[in-house]
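Subject: Structure handover

Hello,

Here is the structure I promised to pass on. Please open it next to this email, and then read on for what turned up.

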Amino acid sequence: MTPAAPPDPVELRSFVEKRFPAYLEGLEATVNVDCGTFVVDGVRRIADFMQERFEAAGWEVERRPHTAGDGAEEQLGDLLIARLTGGSPDGRRVLLIGHMDTVFPEGTAAERPFRMEGSRAFGPGVSDMKGGLLGGFHAVGALRDAGFDGFAAITYVCNPDEEIGSPWSSRAIRELAPKHDVCFVLEGARENGDIVSSRKGVADVVVRVTGRAAHAGVEPERGRSAVLQAAHTVVGLHELNGRWPGVTVNAGVIAGGTRANGVAERCELRVDVRAPRVDSFEAALEEVRRVASERAVPDVEVEVVVRTGFPPMERTEATAHLVEQAKAIASELRYEVNDAATGGASDANVVSGLGVPVLDGMGPVGGADHAPGEWLDLDSVVPRVTLLAAMIANAGFEELRSPDT
């Protein structure tokens, strides 16, 4: 069955405009909920909010509660998976991903609640990513308002733990992504309006050094300083910067010793490793392991634990095709959109690593994420939600997967 022709983007915009008051109401309601990753009740309240709206709109909703220890030692909020069946069984299967958690602690919403100044909205999580979370729901709603159902299925994953690397929900994303033809991740667009076509891969490396304690003034020769070893390790790791294009290695945390007059028995480093390509990511991690394992202090023991958070999201041929499609639709809507690479990671990295074409930054324009001045450009909401809706609709008319995926 040939899918129904997608609606004209200009006509689709009128359906998005009608939804803007409900969008704005939902934005205020969700921003005013404390939902930092570990504010579990708050994340569940956002899940409640989204579930109510999905169910009222006829989506099927699956809710998965988290058990502490399943992917993360800390208790996390619930994972929400909403599914909508379209009218074209042979059409495209579209995956949308948005996260419900923020980085802010409990009490932040009371300190600086949602407010609007001119064309900007402010508040914790307004851009990262309540704006996009609601945008995905209303984009699909606008398509249905326009009478379009020319897709096989749309799955919307509302993730409770993205801000800590999706240690639990990435399992569900890995399970679902290969069953879909294309994915749109709803992080906010860059401050200049760019969507995101590539992201660096990120690994969290822990280096634990065990030495030998001794009195620093009486018999220092008996000691083996774990702090000294760690200092050598930090220098060696930072010397890796610049070896591969775009690769960064940063020892961001060092903790060791107990007193100034004691030779430190233990020290631990936390190291951030990022790379734009799979080959350079793997090469950098291999070198980090080697450098971290080298011993400048005799008799110390070194343990290196590599926790890969996200693989690189590379700009593939299929991704480039999506970018061109987005540019063409934006042009019809009388604005310009470009794509960018960024050093930050998201759930798009996981999807890309599975060979599924993906675009990120598909939410409205915003900025100052994770900071007190976080903002969302309200004038960008209608054009950006329209763009997303049109991209979902047009996914049924193009071959998106690369030949080798």
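Which helices each supply at least two residues of the lining of the largest cavity? They are helix 1 (9–31) and helix 10. Please keep in mind throughout that this is a predicted model.

**The cavity**

A search of the whole structure finds one cavity of 30 Å³ or more. The largest cavity holds about 40 Å³ of space. Its lining is made up of V16, R19, F20, Y23, H138, V381, V382 and V385. Helix 1 is the main contributor to that lining, giving four residues.

**The pocket**

The largest pocket encloses about 920 Å³. It is lined by 38 residues, and E162, E163, I164, G165 and F310 are the closest to its centre. Several elements each supply at least two residues of this lining. They are helix 5 (170–176), strand 9 (201–210), strand 11 (248–256), strand 13 (266–275) and strand 14 (301–310).

**The nonpolar cores**

The largest nonpolar core has 64 residues. Within it, L27, M50 and F184 touch the most other members. Helix 10 (residues 381–394) gives the most to this core, with 10 residues. Another core lies apart from it and has 26 residues. L240, V247, F281 and V302 are among them.

L27 is worth a click. Leaving out residues up to four places away in sequence, L27 touches F114, A121, V126, K130, G131, L134, L376 and L378.

**The open sheet**

Six strands form an open sheet with mixed pairing, in the order 1-2-6-3-7-16. Strand 1 and strand 16 (358–359) stand at the edges. Each has a single partner strand, so one side of each is left without a neighbour in the sheet.

Start at the strand 1 end. Strand 1 (residues 60–64) runs antiparallel to strand 2, and five bridges join them. R64 stands opposite L79 in strand 2. On to the next pair: strand 2 and strand 6 (residues 153–159) are also antiparallel, with six bridges. Here L80 faces C158 of strand 6.

Why is strand 2 (residues 79–85) described as largely enclosed by the rest of the structure? Five of its seven residues are buried, so the rest of the structure largely encloses it.

Further along the order, strand 3 (residues 93–99) and strand 7 (residues 182–185) run parallel, joined by four bridges. I97 has V185 in strand 7 as its bridge partner.

**N159**

N159 lies in strand 6. Is N159 buried or exposed? N159 is buried, with a relative accessible area of 0%. Two polar contacts of its side chain stand out on inspection. A polar atom of the N159 side chain lies 2.7 Å from the backbone nitrogen of D161. The N159 side chain also makes a polar contact with the side chain of D347, at 2.8 Å.

D347 is also one of the residues that N159 touches, not counting those up to four places away in sequence. The others in that list are L79, G98, H99, M100, D101, S166, S169 and I173.

**Unusual backbone spots**

Most residues other than glycine have a negative phi, and most peptide bonds are trans. Three places are worth checking against that background.

- The peptide bond from D128 to M129 is cis, with omega near -5 degrees. M129 lies in helix 4 (residues 126–145).
- S166 is not a glycine, yet has a positive phi of about 55 degrees. S166 sits in the loop between strand 6 and helix 5. S166 counts as buried, at 0% relative accessibility. S166 is also one of the residues touched by N159.
- D299 is not a glycine either, and has a positive phi of about 75 degrees. D299 is in the loop between helix 7 (278–293) and strand 14. D299 is exposed, with a relative accessible area of 53%.

Best wishes

Notes
Residues are numbered from 1 along each chain as its sequence is written. This is a predicted model: local features need pLDDT of at least 70, side-chain atom pairs count only at pLDDT 80 or more; totals for chains, interfaces and linings use all residues. Side-chain values use heavy atoms; hydrogens and water are left out. A nonpolar core is a set of buried Ala, Val, Leu, Ile, Met, Phe, Trp, Tyr and Cys residues joined through side-chain atoms within 4.5 Å. Buried means under 20% relative accessible area, exposed over 50%, partly exposed in between (1.4 Å probe, protein chains only). Contact means heavy atoms within 4.5 Å. Two strands pair if DSSP finds at least two bridges between them. A polar contact is a pair of N or O atoms within 3.5 Å; within protein, one must be able to donate a hydrogen and the other to accept it, and residues adjacent in sequence count only if both atoms are side-chain atoms. On a 1 Å grid over the protein atoms alone, a cavity is a set of points where a 1.4 Å probe fits but cannot get out, and a pocket is an open set with protein on both sides within 12 Å along at least five of seven lines; lining residues have an atom within 4 Å of a point. Grid points are joined across faces, edges and corners, and a volume is the space filled by probe spheres set on the points.
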